[in-house]
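Trainee: Could you take me closely through one part of this protein, and then set that part against the chain as a whole?

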Amino acid sequence: MTALLEVAGLDVFYGDFQALFGVSLSVTRGRATALVGANGAGKTTLLRTIAGAQPAAAGSIRYRERDLTASAPHRRISRGIALVPEGRRLFGSLTVEENIQVGAAAAASSDWPLDRIYGVFPMIAKRRGQRASTLSGGEQQAVAIARALAAAPTLLLLDEISLGLAPRVVGELYQTLTALRAEGATLLIVEQDLRRAMEACDDLVCLLEGRVVLAAPVPAVTREQVVAAYFGQGSRKAAT
């Protein structure tokens, strides 16, 4: 299996505070990888660094066998990496369609035109002219994912997309992710719900205090092993 993304020995700082310590992982083309860990474990920092929003102090990020460690965020988007940030980060005064079009500004290709996006997200198709600030939480999250898809990514980074949403809405969003995977999308998903993460993903990486403590295909680990790694209780690192 081909590694689409390879992160090696990544150190990341916020000022004098070190958030990631020698983090290494790989994401295989066409698979979904869950990134789990307690609050403050470094999950969001890792996604931001992969996307180029946070600089790396050491280590490397290779995407499609190309070193992107020093590349600007818009260069990574044009190469096929798109981030759905925690908290959605929509432009509230813009309409649904205008928010989606922002994502297409540095698109890697024209593979995701508006009609295709609305076909995947019928819940927001009828809201296309509505301001984003007036949408429900689930609709806003759908727009955030749609905005990322407009960039036609090969790798989609999703940070806490289920946070604060009703279970029914979360289920609908994950059904959409399943459909995207069926079309060949590669996903790296930060998810607090271990059950959902293990059901929806092929591989799992657990961070603890900025370090990888478990990395394995989902079928190779039990929930108990993941929980132990999550809380630093006899954690281990397995090869993917």
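Mentor: Accessible areas here come from the Shrake-Rupley method with a 1.4 Å probe, and on that basis the protein chain of this predicted model exposes about 10,700 Å², of which carbon and sulfur atoms supply 50%. With that in mind, let us turn to helix 3, which runs over residues 96-103 and in which V96, N99, I100 and G103 are buried. These residues cover an arc of only 100° around the axis, which puts them on the same side of helix 3. As for their surroundings, the buried residues of helix 3 pack against helix 4 (114-120), helix 5 (122-125) and helix 6 (137-149).

Now to the chain in which helix 3 sits: the protein chain has nine helices and 10 strands. Its radius of gyration is 17 Å, close to the 18 Å that the globule rule gives for 240 residues, so the protein chain is as compact as a globular protein of that length. Along its principal axes, the C-alpha trace spans about 50 × 40 × 35 Å, and buried residues make up 50% of the 240 residues in the protein chain. If one takes the contacts between residues at least 6 apart in sequence, 66% of them join residues at least 24 apart. Finally, on charge, the protein chain carries 26 positive and 22 negative side chains, and the centres of these two sets lie 2 Å apart.

Methods
Residues numbered from 1 in each chain as written. Predicted model: local features only at pLDDT ≥ 70, side-chain atom pairs only at ≥ 80, totals over all residues. Heavy atoms only, no water. Buried < 20%, exposed > 50% of the residue type's maximum accessible area, 1.4 Å probe, protein only. Helix = DSSP H or I, 4+ residues; strand = E, 2+ residues; numbered from the N terminus. Arc of directions from axis to C-beta. Contact = heavy atoms within 4.5 Å. Rg over C-alpha atoms; globule rule 2.2 N^0.38 Å. Lys, Arg positive; Asp, Glu negative; His and termini not counted. Charge placed at Lys NZ, Arg CZ, Asp CG, Glu CD.
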